[in-house]
Amino acid sequence: MDYFLRKRGKLYCESIYLGELADKYGTPLYVYSLKTLVRHFKVASRAFGKIRHSIFYSVKANSNLTLLGVIAELGGGCDIVSLGEYLTARKAGVKRIIFSGVGKKRQEIEMVLKNGLDFFGVESENELNVIEEVAIRLNKPAPISLRINPDIDPGTHKYIATGLKKEKFGIPIGQAVDIYKEISNRKYLKAVGISMHLGSQIESVSPFVEGLLKLKQIFCKLSEQNIFLKHIDLGGGWAVPFAKGQHLPEPADYVREMVPYLKGLEAEVIVEPGRSLIGNAGVLVTKITYLKKGYRKIYAIVDAGMNDFIRSALYGKEHRIEPTILKKGKTLNVDVVGPVCESSDTFAKNVELTPIKEGDLLCLFTAGAYGFSMSSNYNSRLKTAEVLVAGDNDFLIRERETYKDLWRKQKLIKTRDIL
Ligand code: PLP
């Protein structure tokens, strides 16, 4: 469900034709639909019904200030994994914060604790000790939640599965109760929650239910021992469809199936979705630079590269690609590739497109999550602009980089002066 729709063959974001935005802002260009993002957030939130809950949007999916501001206005918090994400979320007006991640640095812990957060999602005993040391120094007790590794197979790509025994994430489930007991004796650590995050793009709800039941068991065991937690955090990882017609659970479906197991729980339920909120609220519009005949196939060489959108190269994930204008005539079978000097700079192979020519625009769907946020300057290419559409209004929410930006932090040392 999104608001990228065709009218008389032309692809619109809400009420604006994508070609109009490409003319105005250039390509490649990320375009987001405000209505889609707001819809996903509200639908997921409503599905909780009477269950006390909060949505903490996962900033890593897309950290644009304006989009984070939208989350803040909707009443959402943020799940962050670095001081950079923390400061960005705060700048956007986000009030509630969870600090996740396996490698939080002392300086990051200190800054975040000093400036306030809901809790640290703690990943190891050593990290717990560092947090305690900082809390003592600041004379400020640190709110924490243990991220449990429940050893559940989420059935997703191996690079984005995080809840299995063999992964670096979380604390082994068998150690949890003892660590919570130990925390209860430490004045500067305050256990407020229990967390999990099983992975990303998890296409079935059952791993979440399985994980939730495991967390509930610990939660109840702790209550029996007079350790009362305020939050149960089920992480993110809800999937989005990548192909046309692919049917996957929607954000609300994940929630609805978990709700029966959440009833009666004396805790605020937290979820940390990223991809499912912003993924199909964004597209990448790119222009065909060349149509090239190779030995065996035709390549549509576009002006977006793997530096702009790395998901296809990194995970082999082919996103739906279509021309912004559907023309009548014989379809063309092409590989859609970027200009970067790597063979993996390929967005899709053997796609059947309606007639296209050089200069035409293609739209790569479901690019809102882990798109711009994973982009880079590889090949000294400039990072793209981002535009937000709200009805028939468009807002430039990130300017395209200029060549000066490439050198802004560099120093040109004349080696003849130092040799
Ligand atoms: N929470 C944590 C701790 C994560 O590591 C991630 C992503 O890796 C998320 C939430 C968001 O996941 P997704 O974007 O798949 O919802």
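Helix H2 (residues 34-47) and helix H9 (residues 251-262) are a good place to start: their axes come within 8 Å and cross at roughly 10 degrees. Angles under 35 degrees count as roughly parallel, and H2 and H9 are therefore roughly parallel to each other. Keep in mind that this is a predicted model. Besides this helix pair, there is a ligand with 14 residues around it.

**Where the two helices meet**

- From H2, the contact is made by His40, Val43, Ala44 and Ala47.
- H9 brings Pro251, Ala252, Val255, Arg256 and Val259 to the contact.
- Sorted by character, the residues of this contact of H2 with H9 are seven nonpolar, one polar and one charged.

**The shell around the ligand**

- Of the 14 residues that surround the ligand, the closest are Ser200, Gly237, Glu272, Arg275 and Tyr370.
- The shell around the ligand divides into two nonpolar, seven polar and five charged residues.

**Polar side-chain atoms facing the ligand**

- Glutamate 272 has an N or O atom in its side chain that is 2.6 Å from a nitrogen atom of the ligand.
- Aspartate 79 places a polar side-chain atom 3.2 Å from a nitrogen atom of the ligand.
- For histidine 197, a polar side-chain atom lies 3.5 Å from an oxygen atom of the ligand.
- On its own, the ligand has 390 Å² of accessible area, and the protein covers 90% of this.

Terms used
Residues are numbered from 1 along each chain as its sequence is written. This is a predicted model: local features need pLDDT of at least 70, side-chain atom pairs count only at pLDDT 80 or more; totals for chains, interfaces and linings use all residues. Side-chain values use heavy atoms; hydrogens and water are left out. Axes are lines fitted to C-alpha atoms, for helices over the stretch in contact, and angles run from 0 to 180 degrees between N-to-C directions. Helices (H or I, at least four residues) and strands (E, at least two) are DSSP runs, numbered from the N terminus. Angles under 35 degrees count as roughly parallel, over 145 as roughly antiparallel, 65 to 115 as roughly perpendicular and the rest as oblique. Contact means heavy atoms within 4.5 Å. Ala, Val, Leu, Ile, Met, Phe, Trp, Tyr, Cys and Pro count as nonpolar, Asp, Glu, Lys and Arg as charged, and the others, Gly among them, as polar. A residue is near a molecule or strand if one of its heavy atoms lies within 4 Å of it. A polar contact is a pair of N or O atoms within 3.5 Å; within protein, one must be able to donate a hydrogen and the other to accept it, and residues adjacent in sequence count only if both atoms are side-chain atoms. Accessible areas come from the Shrake-Rupley method with a 1.4 Å probe; for residues, only the protein chains shown count as cover.
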